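I sat down with a fresh page and a cup of coffee to go through this model strand by strand. Here are my notes, in the order I looked things up.

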Amino acid sequence: MKSQQTPQNISGRNRFFRLREDTSFFLLDSQTVVFCEAHQKIYALNPSAAFIWCRLEEHDDPDAICGRLAANGMDLDLATRHVHEAIGHWLKLGLLNVDPAYFADNDKTTTDQTLLINGANLSVTICCESERIVALLTPFAHFADCNAARGHVLVVKESDGLVHVFHNDRRIASCNSLELAPVIKAHITERILAESGPHVVFHAACLVRDQKSVLISGRPGAGKTTLALRLVADGFAFGGDDIAMIGPDGRAAGVPFAPAIKPGAWDIAETLRPDLKRYAVCRRPDGKRVRYLKPENLARNPPHAVGWIIFIRRKVGAASLNLIDRVEALRRLMDASHAVEGKLDLAKCNALKQMIENAELFELTYANLDQASEAIGGLFHRSPLP
């Protein structure tokens, strides 16, 4: 950390931080270790971190810990930095809990923004303590709906350089401001998966053409997002680049999160969206950087019948679009789908069957984005297959 912190920066946080109850601290071959039951992981601690952890177990506040380290011969500024960094790191790992009561007397103005997550019928209200935090949530601005009923309530608070996100008074994450949008997107996605009910959640980009959905599925890195951007530039409507909701009747609605562009695709994406560099660089919890683009030409009146399902795969050579049979398509759909409790029941299997009965099913292998787009576009300039 470049700037040194003073003890006053973290003063009085003894009621702010609480060690998780499902953690255990012990010594193993002279190495101090923390085990977290919820995470099913162990974390090795260096001597300074082990001392800080032990003092937190004894309910010392951070100022007191800094004083103890200084009394043991450590420079006070260095001690403060160690304590500040250790607590911040453990908060981000979820090894410490944050007491929401700490913020109860906070008199900062709260700004509420209610989002209606199209395609998933999910309402989320985000309560922020400042306009600066609201500005970090621009990837969700197109979901804003002042007439939507309040559903899930997320409260976002700042303290000591970290942003803390609570859902129903339960802390779901502590992160820095660059990570806030990805953290909230991940949590909303979890809620969509948990509350999908009779719907099947299919990992796919969703485009709409001629009042029918085009679903594009592929493994991470296959290029769903950039291909979706290219198809939107070619006149398709954007339903989403990540997940689609398949209803019991086999109709599909994409969830139009802002397209997430990773660094390796920035050059390609900029040719399709010259405004790319206007969007802030965010950092996902896994450390990967991403830019979220404001979606253009959003699909109207979902859900739609599915006309085409295309499984994409990167492969050297000219683009090739080949028919696949319905049994193989159903296998692939099941592999790329999510259902509550982790399994597809008979009703959800039937929904997938209904979806593919009247759809055309293809595998697209490609290396060149222009060729891939041309191959898909060609499907709309011919007679439907029998």
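**Entry 1: the hairpins around β9**

I started with β9 and β10 (residues 170-175), which pair in the antiparallel sense over 5 bridges. A caution to myself before going on: this is a predicted model. I picked out one bridge in this pairing, where V165 has A173 in β10 as its partner. The hairpin of β9 and β10 has 2 residues between the strands, and N168 takes a positive phi near 55 degrees there.

Then I turned to β8 (residues 152-159), which is joined to β9 by 6 bridges and runs antiparallel to it. Two of the partners I noted: K157 bridges to H164 in β9, and V156 bridges to V165 in β9. This hairpin, of β8 and β9, also has 2 residues between the strands, and here D160 is the residue with a positive phi near 55 degrees.

**Entry 2: how enclosed is β9?**

I asked myself how many residues of strand β9 are buried. The count came to 6 of the 6 residues in 162-167, so β9 is largely enclosed by the rest of the structure. In a regular strand the side chains alternate between the two faces of the sheet. I checked the directions here: L162, H164 and F166 point one way, V163, V165 and H167 point the other way, and all are buried.

**Entry 3: the sheet that holds β9**

Next I zoomed out to the sheet. I found an open sheet of 5 strands, ordered β6-β7-β8-β9-β10, with mixed pairing. β6 (111-117) and β10 are at its edges with a single partner strand each, so one side of each has no neighbour in the sheet. I get an average twist of 20 degrees from one strand to the next.

**Entry 4: the six-stranded sheet**

I then followed another open sheet, this one with 6 strands in the order β14-β12-β13-β20-β23-β21 and mixed pairing. Its edge strands are β14 (237-240) and β21 (320-323), each of which pairs on one side only. The average twist is 25 degrees from one strand to the next.

Inside this sheet I looked at β12 (residues 205-209) and β13 (residues 212-217), which run antiparallel and are joined by 5 bridges. R209 has K212 in β13 as its bridge partner.

Which helices lie across these strands? I noted helix α6 (residues 224-233), which lies across β12, β13, β14, β20 (306-314) and β23 (360-366) and runs at about 15 degrees to β12. I also noted helix α8 (residues 326-335), which lies across β20 and β23 and runs at about 70 degrees to β20.

**Entry 5: helix against helix**

While on α6, I looked up its packing with helix α10 (residues 369-377): the angle is about 60 degrees and the axes are 10 Å apart. That angle makes α6 oblique to α10. The crossing of the two, α6 and α10, is right-handed. On the α6 side the contact is made by T226, L227, R230 and L231, and on the α10 side by L369, D370, A372, S373 and I376.

I looked at another pair, helix α2 (residues 62-71) and helix α3 (residues 76-93), which pack at an angle of about 135 degrees with their axes 9 Å apart. This pair counts as oblique too, α2 to α3. α2 passes α3 in a right-handed crossing. At the contact, P62, I65, C66, L69 and A70 of α2 meet L76, A79, T80, V83 and I87 of α3.

**Entry 6: the cysteines**

Last, a bench question: how many disulfides does the structure hold? I count 0 disulfides. I wanted to know why C175 has no bond to C282. The closest cysteine sulfur to that of C175 is in C282, and it is 10 Å away, which is too far for a bond; the cut-off is within 2.5 Å.

Are C175 and C206 buried or exposed? C175 counts as buried because its relative accessibility is 2%, and C206 is buried with a relative accessible area of 1%. The cut-off I applied for buried is under 20% relative accessible area.

Note on methods. Residues numbered from 1 in each chain as written. Predicted model: local features only at pLDDT ≥ 70, side-chain atom pairs only at ≥ 80, totals over all residues. Heavy atoms only, no water. Pairing = 2+ DSSP bridges. Helix = DSSP H or I, 4+ residues; strand = E, 2+ residues; numbered from the N terminus. Axes fitted to C-alpha atoms, helices over the stretch in contact; angles between N-to-C directions. Contact = heavy atoms within 4.5 Å. Buried < 20%, exposed > 50% of the residue type's maximum accessible area, 1.4 Å probe, protein only. Parallel < 35°, antiparallel > 145°, perpendicular 65-115°, else oblique. Left-handed = near helix turned anticlockwise from the far one by under 90°.
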